[in-house]
Amino acid sequence: MQISEKYNPQETEQKWYNYWLENNYFHSTPDNRPPYTIVIPPPNVTGILHMGHMLNNTIQDVLVRRARMQGFNALWVPGTDHASIATEAKVVAKLKSEGINKSDITRDEFLVHAWDWTHKYGGTILEQLKKLGCSCDWDRTRFTMEPKLSAQVIKSFVDLYNKGLIYRGYRMVNWDPEAKTNISDEEVIYKELNGKLWYLKYKIEGSEEFISVATTRPETIFGDVAVCVNPNDEKYAHLKGKNVIVPIVNRVIPIIEDEYVDMEFGTGALKITPAHDINDYEIGQKHNLPMIDALDDDGKLNEHGLHYNGKDRFEVRKLIAKELEENNLLVKAEDYVNKVGTSERTGAVIEPKISQQWFLKMSEIAKPALDVVMNDEVKFHPEKFKNTYRHWMENIRDWNISRQLWWGQQIPAYYYGEGSEDYVVAENVEEALVLAKEKSQNPDLQISNLHQDEDALDTWFSSWLWPMSVFDGMLDENNEDIKYYYPTSDLVTGPDIIFFWVARMIMAGLEFKGEVPFKNVYFTGIVRDKQRRKMSKSLGNSPDPIELIEKYGADGVRVGILLSSAAGNDLLFDEDLMLQGRNFATKIWNAFRLIQGWKKEDKPANEADLQTIEWFGNQMNKTIAEINDQFSKFRISDALHLIYKLIWDDFCAWYLEAIKPNYGEGISQEVYDKTIVYFEELMRLLHPFMPFLTEELYQAIAERSTEEALVIAQQKKAEPFCEENIKAFETAKELISGVRNYRQSKGISPREAVELFTNAVAFENEAVVKKLANISEINFGNKTDKPSFTFLVGATEVSIPLSENLDLEEEKAKTEEELKYLKGFLISVEKKLSNEKFVAGAPAQVVENERKKQKDAQDKIAILEEKLKTL
């Protein structure tokens with residue numbers, strides 16, 4: 001089929017994606033082939049495609065398409081995460097816009113709205129991934145809140161609880177006043193913010209004396225229960241055993257002593273507010289202090305805040321500073337840069353808060369998960385992330401798994417009495433009733449007497465099961481899918497969720513299956529702009545991937561983002577790379593149009609054609625071996641660079657040029673057929689990176705049945721190659737380039753044939769050299785007396801008699817100038833080599849390089865002096 005003059009990605013992409021879907025090429029079922037499995041890092045159901053997704057999913061698609069073309073039964077499982085906090089926030093905002101407060105409706109009513117919202121807006125990102133060309137098995141799409149996945153989450157909770165690994169306890173948590181839930185330590189982002197350090201007067205009871213205490217949060221004084229000093233601090237020795245009066249609050253509290261206090265920070269005296277600071281909480285526990293919680297769930301002062309009751313914490317901060325100053329209770333205020341914890345999801349400033357929560361003991365399940373990474377049973381790429389992983393796993397804390405949300409799996413704890421221990425844990429209320437009757441010794445209990453815990457589970461508590469739950473592996477441990485596809489092969493993710501997700505999946509896999517969930521983890525870098533800022537909607541520095549696809553084509557975007565994406569290193573996004581990707585597509589398109597346009601003739605291949613065909617076959621086999629090596633190291637960008645060079649340089653610039661028929665002539669049918677075979681092999685190699693363009697061209701070469709589509713074609717296996725043949729052709733390229741350089745520098749037309757003189761006895765690819773350099777005759781083992789242009793290829797000297805059209809005086813002046821420069825350069829090199837300290841102290845390779853420079857300069861000088869004689 002004759003292809004059009006220009007490649008049109010918009011027409012091509014939808015056509016082939018529909019064709020792939022119609023023919024079920026992405027669908028996988030267990031069979032006798034070896035499996036290759038990837039589970040998608042499930043994007044938030046609320047999400048839309050951003051640059052990080054585009055990078056991550058392009059890499060996954062390259063891996064899964066390549067596996068499919070190498071004989072594996074390849075499966076890429078797609079899906080989305082219910083994203084408790086993000087989704088609930090959006091639903092709450094939507095309800096608010098309709099005049100409905102979450103607090104005014106029941107949980108069941110809220111969940112109806114949440115599901116409606118999810119059905120309406122969820123899944124947008126999966127449709128966008130199709131635009132990118134992602135070859136997911138869409139029949140297997142999963143959602144972390146769908147019934148079967150939720151059942152597995154609940155089952156895992158009950159199992160861990162029965163093993164004694166889940167417990168309920170009062171702890172200091174990170175409270176997000178905007179989302180109205182606690183969040184884990186890993187979801188707290190610390191930001192440096194400009195603030196104030198206020199020095200407050202705490203009067204000594206029964207005296208006019210006061211002690212100055214520094215704080216960045218004066219609004220928390222309503223929760224103060226003590227002032228603490230270091231027992232070794234002499235300036236406070238006289239206050240031992242005394243009390244102070246909390247400013248404004250006028251509550252009498254004791255002065256206590258603890259070596260925790262840094263005598264050098266602030267005034268060396270700390271206000272202790274156990275309900276609002278994790279360190280204060282520890283001191284409060286140690287000294288048996290009471291606890292006063294002065295903030296409500298919205299971050300507003302409660303009744304303990306006296307006349308500030310109902311006001312926001314930050315508003316109170318300003319008002320109380322003013323009141324303290326008016327009442328002469330403020331010593332001074334200084335500008336202060338403070339590291340403040342903020343919520344990853346909402347950006348709200350976190351409030352430490354004491355709360356009863358559910359926790360999972362981590363130390364016991366963390367040890368095996370650390371070992372499998374350290375001994376490379378699970379390999380990290382790049383390996384540097386092993387240290388990050390080890391540090392976190394060795395300092396792991398119990399995981400707070402409960403959230404004060406409604407959107408999520410509800411904790412399967414059922415309360416039947418008034419006491420804090422009057423509860424049972426079960427997969428459903430019927431089982432809970434049986435357990436509750438037994439535990440309470442009350443046979444008259446009814447289901448109506450039970451009420452389920454209001455909290456939902458942390459989103460990550462569902463996604464840590466993902467490699468198992470997508471195959472329903474916790475509902476039926478011996479189902480065909482889990483036995484065949486698990487453990488999965490590779491995981492592609494960002495290093496920012498190494499703790500949230502990667503570590504926890506490894507723990508879950510070992511705990512529930514006794515096996516690691518995947519064999520390799522490939523960490524992508526973070527996509528940044530040219531100023532090295534992380535791309536984000538809030539900064540407005542992130543292009544819309546869909547707009548990029550419309551502008552450059554999906555293949556151009558895929559190539560552009562991968563060209564600069566070394567594993568684990570941040571990617572500096574540059575739109576010019578997308579243009580480079582599009583230009584690459586155009587180059588390939590035009591190369592095929594050129595081949596198609598040649599007239600085929602029934603004649604034998606000439607010597608130049610045969611030499612070129614032999615060389616390209618070796619070059620391709622060598623490149624395939626190198627590509628395989630790069631893929632084994634997860635150096636996907638480097639693998640693409642190799643394919644790019646093989647097509648752009650070796651195939652387009654050299655192979656096609658060498659076999660191109662002379663003007664007015666046709667190409668040998670034998671050579672044409674071989675060229676088509678090579679082109680098909682190149683399309684198979686390139687397909688994982690540029691699926692749409694390659695399928696379009698592959699289908700244009702010949703009529704293909706559905707069994708012969710490129711998407712399921714098998715890539716060429718690595719075969720032996722002749723390194724000597726490749727080196728010999730490289731020499732031929734240098735010879736041709738030398739002659740072309742002569743033409744360019746002297747303004748000689750490519751159509752004007754030239755004669756060569758050389759000290760070589762033969763050229764291995766003489767026919768190719770003659771054709772591509774337009775050489776009329778090569779005089780081997782011969783020198784010329786005529787004025788000539790001379791260059792070296794290794795030890796081979798090549799001379800071209802100068803064209804009669806050249807100005808010899810001008811040529812002589814240029815040669816003398818070049819000779820002068822080379823002699824100056826040689827003096828500087830020899831000066832280095834005559835320095836004994838340099839020769840003795842520099843690395844051997846550096847000295848060797850200098851000696852090579854000396855030899856090259858000497859050879860070139862000899863040639864130029866010989867040339868001057870002829871001129």
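**Note on two three-stranded sheets**

1. In this predicted model, one open sheet is built from three strands arranged in the order β19-β18-β20, and the pairing within that sheet is antiparallel. The edge positions are taken by β19 (423–425) and β20 (451–452), each of which has a single partner strand, so one side of each is left without a neighbour in the sheet.

2. The pairing of β18 with β19 can be followed by residue: strand β18, residues 413–415, is joined to β19 by three bridges, and the two run antiparallel. Within this pairing, Tyr-414 has Val-424 of β19 as its bridge partner.

3. A helix accompanies these two strands, since α11 (residues 429–440) lies across β18 and β19, and its direction makes an angle of about 135 degrees with β19.

4. Another open sheet of three strands follows the order β15-β23-β22, and here the pairing is parallel. Its edges are formed by β15 (379–381) and β22 (490–493); each has a single partner strand, and therefore one side of each is left without a neighbour in the sheet. From one strand to the next, the twist of this sheet averages 20 degrees.

5. Strand β23, which covers residues 520–523, is connected to β15 through three bridges, with the two strands running parallel. One of the residue pairs to inspect is Phe-380, whose bridge partner in β23 is Val-521.

6. Helix α15, spanning residues 498–512, lies across β15, β22 and β23, and runs at about 170 degrees to β22.

Terms used
Residues numbered from 1 in each chain as written. Predicted model: local features only at pLDDT ≥ 70, side-chain atom pairs only at ≥ 80, totals over all residues. Heavy atoms only, no water. Pairing = 2+ DSSP bridges. Helix = DSSP H or I, 4+ residues; strand = E, 2+ residues; numbered from the N terminus. Axes fitted to C-alpha atoms, helices over the stretch in contact; angles between N-to-C directions. Contact = heavy atoms within 4.5 Å.
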